[in-house]
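This report walks through one protein chain, from its fold to its cores and charged pairs. Please keep the sequence and the 3D view at hand.

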Amino acid sequence: MMRSNPGETTTLTAPPWEFSVAVPASIAGPFPIAAVAKDAGGTYYSARIDLEVVPSAELLTLSVSPANVTLVEPGFPQPLAVEGRYADGIMRDLTSPGIGTVYESDDPSIVTVSAEGLIEAQGNGTATLIVTNGQVSAVVTVVVEMPTDLAIDQTATPSPVLVGEEITYGLPMQNKGGERALELRVTDGLPEGTSFVSAAGNGWSCIEAGGIVTCSRSALEAGIQSEINLVVTAPDAPGVVTNQITVATGAPDAFIDDNVSTLTTTVASAIYTLSVSRQGTGEGTVTSEPEGIDCGTACTENYPVRYAKGSN
């Protein structure tokens, strides 16, 4: 029979089949012990147990390595190593969550951390990781600096819009990366039923062909925001229009989730309904609102109306 545990192996060739195990003072948490035996017929048997080792000394401080991290590429989790200094003067490995160590990111949109202490970039910026074991904690600063990270959004004015009127889409985008983005391209397949009017932006060259608007730009500096204004004519029937835009660059983008934006705008009928109300004599109110849409104060006009005494 052979018994093994980290750092030690013992072989027994005759009974009694008993072992004595000395747990190193530096161990905290699971301590595996495995045994393998072979009978006279040559058949092997194995078993394993994990001893849960709890230091009797008080945990004083935690140290995390590395203490400051810079990530420049997504998709490559980086491990953290955690050590605890105890009152008996011994440093013990506390990286495993099975020892009670908990990892937390204060901004998961920048960096995430797994229960095992693996950190992974999610977006450019600076975040803090908090590592806790019992009442003791430590922090790690993580800076994410991806070379290219474009993000795009959009607004529609007016919204809602009347049939046949112009919609102006504001298309702001930002280079959130750590380096200049090259060969930018914004693509917009015009919403069904709309007609192209114009597209322009400082530093952008825009063309429309077959209902697809393409705007290009040679470069956009890190941290800079730029905007394109796209103007279309709304459909001639009430309903909704959905506009989807995409931004791309000549280099691989670190995060593509924010490279696409979709926005839905309501198109209302140009026919108005009128309602008149008054209280006694004096001023009353006429309100007007497009049919087919409940837009509240966004498209209601109020006019003061004078009433003669006793009039209806």
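E183 is exposed, because its relative accessible area is 56% and the cut-off for exposed is over 50%. Its backbone also stands out. Phi of E183 is near 55°, a positive value in a residue that is not glycine. E183 belongs to strand 19, which covers residues 181-189. The model is a predicted one.

**Overall make-up**

The protein chain has 28 strands and zero helices. It holds 312 residues, and 33% of them count as buried. Contacts often span long stretches of sequence. Among those between residues at least 6 apart, 57% join residues at least 24 apart.

**The sheet around strand 19**

Strand 19 is part of an open sheet of six strands. The order is 17-25-24-19-22-21, and the pairing is mixed. Strand 17 and strand 21 (205-209) form the edges, each pairing on one side only. Strand 19 and strand 24 run antiparallel and are joined by five bridges. Across this pairing, T187 stands opposite T246 of strand 24. Strands of a sheet pair through backbone hydrogen bonds, in either a parallel or an antiparallel way.

**Two nonpolar cores**

Which residues have the most contacts inside the largest nonpolar core? They are L94, V111, I119, L129 and V142, in a core of 29 residues. Seven strands are listed as supplying at least two residues each: strand 5 (59-65), strand 6 (68-71), strand 8 (81-86), strand 11 (111-113), strand 12 (118-121), strand 13 (125-133) and strand 14 (136-144). Strand 14 gives the most, with five residues.

V142 shows how this core is knit together. Setting aside neighbours within four places in sequence, V142 is in contact with V69, L71, V111, I119, G125, T126, A127 and L129. Among these partners, V111, I119 and L129 are also on the list of residues with the most contacts inside the core.

A second core is separate and has 25 residues. Its members include A156, Y169, L220 and I245. In soluble globular proteins, nonpolar side chains tend to be buried together.

**Salt bridges**

How many salt bridges does the model contain? The count comes to four. Three of them are listed here, with the N to O distance.

| Pair | N to O distance |
|---|---|
| D88 and R92 | 2.8 Å |
| K176 and D258 | 3.3 Å |
| E221 and R180 | 2.6 Å |

The K176 and D258 pair joins two loops. K176 lies in the loop between strand 18 (166-175) and strand 19, and D258 in the loop between strand 24 (239-248) and strand 25 (260-268), so the pair ties together parts that are 82 residues apart in sequence. K176 is partly exposed, with a relative accessible area of 34%.

E221 and R180 also link distant parts of the chain, 41 residues apart. E221 sits in the loop between strand 22 (212-220) and strand 23 (225-233). R180 sits in the loop between strand 18 and strand 19. Both partners are partly exposed: E221 at 39% relative accessibility, R180 at 48%.

**R92 and its two partners**

Is R92 buried or exposed? R92 is buried, because its relative accessible area is 5% and the cut-off for buried is under 20%. Its salt-bridge partner D88 counts as partly exposed, at 39%. The charged end of R92 also sits over the ring of Y86, 4.7 Å from the ring centre. Aromatic rings do not pair with one another in this model: a search of the whole structure finds zero aromatic pairs.

**Cis peptide bonds**

Two peptide bonds that lead into proline deserve a look. The bond from S65 to P66 is cis, with omega near -5°. P66 is found in the loop between strand 5 and strand 6. Strand 5 and strand 6 are both among the strands that supply the largest core.

The bond from S159 to P160 is cis too, with omega near 5°. P160 is in the loop between strand 16 (155-157) and strand 17 (161-162). Strand 17 is an edge strand of the six-strand sheet.

Terms used:
Residues are numbered from 1 along each chain as its sequence is written. This is a predicted model: local features need pLDDT of at least 70, side-chain atom pairs count only at pLDDT 80 or more; totals for chains, interfaces and linings use all residues. Side-chain values use heavy atoms; hydrogens and water are left out. Rings of Phe, Tyr and Trp (its six-membered ring) pair if their centres lie within 6.5 Å; planes under 30 degrees apart count as stacked, over 60 as edge-to-face and the rest as tilted. A charge sits over a ring if NZ of Lys or CZ of Arg is within 6 Å of the ring centre and within 35 degrees of the ring normal. A nonpolar core is a set of buried Ala, Val, Leu, Ile, Met, Phe, Trp, Tyr and Cys residues joined through side-chain atoms within 4.5 Å. Buried means under 20% relative accessible area, exposed over 50%, partly exposed in between (1.4 Å probe, protein chains only). Helices (H or I, at least four residues) and strands (E, at least two) are DSSP runs, numbered from the N terminus. Contact means heavy atoms within 4.5 Å. A salt bridge is a side-chain nitrogen of Lys or Arg within 4 Å of a carboxyl oxygen of Asp or Glu. Two strands pair if DSSP finds at least two bridges between them.
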